[in-house]
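Open the model in your viewer and set it to cartoon. Keep the sequence panel in view, and follow the stops in order.

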Amino acid sequence: MLALYPPVKVLENLSDPFWFQSLGCILGFDWHSSGVTTTTMGALKEAFKKLDAGIYICGGKGKTSLKTPDEIKQIGQEKGIDVNSLIYTSKMTAKVDNSAVQDGYSIYHHTIIFTSKGEWSVVQQGMNASNRMARRYHWFSNSLKDYTYEPHKGIITDGFTTPLNMVSKDSSGTRKVSASIASEYPEKTLQELKKIRELKLPSRHYIIGSDVNLKKLKKPLELAFNRKPEDFESLLGIKGVGPATIRSLALIGELLYGEKPSFEDPARYSFAHGGKDGIPYPVDRENYTRSILYLEKAVSMAKVGEREKLKLLKRLAFIDNNNIVLKKPKQKGGRYVKV
């Protein structure tokens, strides 16, 4: 990978859901299940520690993800890099996918990959406790214009939902009014929320009165009032302003100001063949074989030398009397394995 691409290209590739998934599969890490994220990023983090490639990886799974700012600071001190913006990026990308995109997937794995020039990519993953499915979020600095306006390079999942999507282009009005409401006296906002809780919202409404906990909202609203956020990104960056606060402000914005947020799922990619561990579903052997046949046809039609074609075809099949014979994945110990 390093021999083929400059550092910024490596970051760009890692921010591509398909490229990342392919890399994890080539390395043999859990195929298409959620483990491909944690294992691939863990392996890359250890590998780059031993290389002088100008690429640095911080963060990880669970408690390790909470150490990300400290790890970034340490690399900054060792390499003489100004990392303040990178620390902000790490915190803001996690905050967006935890609070601004409320899709039912809680972030438990967060990694940031960056160069000494300040270029970065973020790969983080959330888990849904109900359906036991994962969702991976990809970010890339060179394609980012705004942390809170269509910021993702891609999101991959098999569990699509109807989330409160505050970073959608269709939520621009809600973002603006949310920051405005947060700058008002907390008592006024809480009174409006109290009234809203007594309303009978239509059954189709995505945010209901029980989503509003007045006791827990008082403190974050006071923090926001003291900070006077000038925009939604500033609001989101306030420590203590989480999913419940954002949800309540979005509700006020819609019911009192007529600014409707988006509930469109930002995920655009899904897993194709299932996972060898049965997650998100057992490997679909028919679809698996169909994909191999499609790739074989593409290789056969490619304008490359016969030797190159043969090398590629060997990866998809084995040679028997000069004929390419495709095998279905064998089953061993209850799991499908490569052949």
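Which strands does helix α3 (residues 35–49) lie across? Select α3 and look beneath: β1, β3 (106–115), β4 and β5 are there. Helix α3 runs at about 140 degrees to β1. Angles here run from 0 to 180 degrees between N-to-C directions, with axes fitted to C-alpha atoms, for helices over the stretch in contact.

Before moving on, note the ground rules. This is a predicted model: local features need pLDDT of at least 70, side-chain atom pairs count only at pLDDT 80 or more, and totals for chains, interfaces and linings use all residues. Residues are numbered from 1 along each chain as its sequence is written, and side-chain values use heavy atoms, with hydrogens and water left out.

**Whole chain**

Zoom out. The protein has 13 helices and 11 strands. Helices (H or I, at least four residues) and strands (E, at least two) are DSSP runs, numbered from the N terminus. Of the 339 residues, 47% count as buried. Buried means under 20% relative accessible area, exposed over 50%, and partly exposed in between (1.4 Å probe, protein chains only). Now turn to contacts, meaning heavy atoms within 4.5 Å. Of those in the protein with a separation of 6 or more, 59% link residues 24 or more positions apart.

**The sheet**

Select β1, β3, β4, β5 and β6. These 5 strands form an open sheet in the order β1-β3-β4-β5-β6, with antiparallel pairing. Because β1 (55–61) and β6 (154–157) stand at the edges with a single partner strand each, one side of each has no neighbour in the sheet. Neighbouring strands are turned by 10 degrees against each other on average, direction ignored. Two strands count as paired if DSSP finds at least two bridges between them.

Start at the β1 edge. Strands β1 and β3 run antiparallel, joined by 7 bridges. Pick I55 and find T115 of β3 opposite. Then pick G59: its bridge partner in β3 is T111. Colour by accessibility: 6 of the 7 residues of β1 are buried. In β3, 8 of 10 residues are buried.

Step across to β4. Strands β3 and β4 pair in the antiparallel sense over 8 bridges. T111 serves again here, with V123 as its bridge partner in β4. Follow the chain round the hairpin, which has 4 residues between β3 and β4. Stop at G118 in the turn, where phi is positive, about 95 degrees.

Next, select β4 (residues 120–128) with β5 (residues 133–140). This antiparallel pair has 8 bridges. Within it, G126 has R135 of β5 as its bridge partner. Now add helix α2 (residues 17–26), which packs on the sheet and touches β4, β5 and β6. The direction of α2 makes about 120 degrees with that of β5.

**A helix pair**

Select helix α5 (residues 68–79) and helix α6 (residues 84–100). Their axes come within 10 Å and cross at roughly 160 degrees. The two helices are therefore roughly antiparallel (over 145 degrees). Their crossing is right-handed. Show side chains at the interface: T68, P69, I72 and K73 in α5 meet L86, I87, S90 and K91 in α6.

Stay on α6. Its 17 residues reach 22 Å from first C-alpha to last, close to the 24 Å expected at 1.5 Å a residue. The expected span is 1.5 Å times one less than the number of residues. Buried residues of α6 include L86, I87, M92, V96 and A100.

**Helices α8 and α9**

Select helix α8 (residues 186–197) and pick T189. Is T189 buried or exposed? T189 counts as buried, at 3% relative accessibility. Leaving aside neighbours within four places in sequence, T189 is in contact with I181, E184, L221, L249 and I252.

Move along α8 to K194. K194 counts as partly exposed, at 44% relative accessibility. Draw a C-alpha distance from K194 to L214: 7.5 Å, with their positions 20 residues apart in sequence.

Finish on helix α9 (residues 214–227). Its 14 residues reach 20 Å from first C-alpha to last, close to the 20 Å expected. L217, P220, L221, A224 and F225 are buried in α9. Last pick: K228, following α9, has a positive phi near 50 degrees.

Definitions and conventions:
Parallel < 35°, antiparallel > 145°, perpendicular 65-115°, else oblique. Left-handed = near helix turned anticlockwise from the far one by under 90°.
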